[in-house]
Amino acid sequence: MNMKTHTILTGFCLLLACGLSGCLNTDPVVDSRRHFVLNTGYTEPDERDAEGAFHQVGLKRIVLPGYLHDNRLTVRKTSTELIYLEQDRWAGRPDKVLADFIASQLETKLESATVQQAPWARGSVDYELGIKFINCEVTIDGLAVVRAEWQCTGRAKPENTLTGTRTVKKQGPKPLEATPEAISTLSQAIAELIESIAKTVQTCIEES
């Protein structure tokens with residue numbers, strides 16, 4: 001037996017022995033990442049006839065600061081330092097997760113309107129609502145901080161534009177110790193912000 005053949009046989013035997021002893025891990029890889037949506041236990045809005053007497057509110061794409069575009073959950077460690085949680089992520093694009101939550105919450109609060117998310121067909125909405133977030137995260141100590149500004153404009157009367165701004169802070173569990181509970185706290189803070197946004201939109205409708 002020459003040296004080359006001996007080397008090949010030795011390698012094959014080692015590979016076979018390794019497989020028999022369990023060295024080759026054939027178990028499927030488990031993804032341990034968790035994915036979150038916003039939720040405060042709200043009830044689904046009643047079905048409404050979009051062609052009836054209800055107004056149509058168009059929700060523009062949510063504007064977020066650059067550091068919140070990451071799908072990983074953002075935790076603010078200091079005023080200048082952020083932490084991104086590798087195992088805890090949003091269940092979708094962050095601005096879309098927010099838009100879904102805001103749209104559903106608005107429909108439970110507005111008296112006579114349904115909400116469409118962008119993009120919508122030309123002329124299909126009566127009012128356009130734009131929301132820009134300045135902050136929307138939880139600090140390392142568990143303080144949810146949500147700050148945003150918004151603008152509602154009537155399509156029939158573009159000059160009838162109402163604006164608003166608000167900051168909501170709500171204390172909850174530390175995100176590194178209880179991430180689901182911290183997300184719940186953030187959801188509650190955003191829901192409080194939506195209360196103010198809904199009032200602006202309702203006023204815009206009534207004044208048109």
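1. Let's start with the salt bridge between E192 and R166, whose closest N and O atoms are 3.7 Å apart in this predicted model. The pair joins distant parts of the chain, with E192 in helix α3 and R166 in strand β8 (residues 161–171), 26 residues apart. E192 is partly exposed, with a relative accessible area of 29%, and R166 also counts as partly exposed, at 30%.

2. How many salt bridges does a search of the whole structure find? The search gives 14. One to look up is D88 with R34, where the closest N and O atoms are 2.8 Å apart. Here strand β4, which holds D88, is linked to strand β1 (residues 34–36), which holds R34, and the two residues are 54 residues apart. D88 is buried, at 7% relative accessible area, whereas R34 is partly exposed, at 38%.

3. Next, please turn to R72 and E86, a salt bridge with its closest N and O atoms 2.5 Å apart. R72 belongs to strand β3 (residues 72–76) and E86 to strand β4, with their positions 14 residues apart in the chain. R72 has a relative accessible area of 19%, and because buried means under 20%, R72 counts as buried. E86 is partly exposed, at 40%. Both residues also take part in a network of salt bridges that includes D70 and R89.

4. Now for helix α2 (residues 94–109). Its 16 residues, at 1.5 Å a residue, should span 22 Å, and the end C-alpha atoms lie 23 Å apart, which agrees. Is this helix largely enclosed or open? Of its 16 residues, 12 are buried, so α2 is largely enclosed by the rest of the structure. Among the buried residues are P94, V97, F101 and L106, and charged-letter entries D95 and E107 are on that list too. The buried residues pack against strands β2 (55–59), β4 (82–90), β5 (113–117) and β6 (127–139), and against α3 (179–206).

5. Strand β2 deserves its own look. With 4 of its 5 residues buried, β2 is largely enclosed by the rest of the structure, so it shares that description with α2. β2 pairs with β5 in the parallel sense over 5 bridges, and Q56 stands opposite T114 in β5. β2 also pairs with β6, again parallel, over 3 bridges, where L59 has L129 as its bridge partner.

6. Finally, a word on the rings. The structure holds 0 aromatic pairs. Y67 does have R76 over its face, at 5.4 Å from the ring centre.

Conventions: Residues are numbered from 1 along each chain as its sequence is written. This is a predicted model: local features need pLDDT of at least 70, side-chain atom pairs count only at pLDDT 80 or more; totals for chains, interfaces and linings use all residues. Side-chain values use heavy atoms; hydrogens and water are left out. The expected span of a helix is 1.5 Å times one less than its number of residues. Buried means under 20% relative accessible area, exposed over 50%, partly exposed in between (1.4 Å probe, protein chains only). Contact means heavy atoms within 4.5 Å. Rings of Phe, Tyr and Trp (its six-membered ring) pair if their centres lie within 6.5 Å; planes under 30 degrees apart count as stacked, over 60 as edge-to-face and the rest as tilted. A charge sits over a ring if NZ of Lys or CZ of Arg is within 6 Å of the ring centre and within 35 degrees of the ring normal. Two strands pair if DSSP finds at least two bridges between them. A salt bridge is a side-chain nitrogen of Lys or Arg within 4 Å of a carboxyl oxygen of Asp or Glu.
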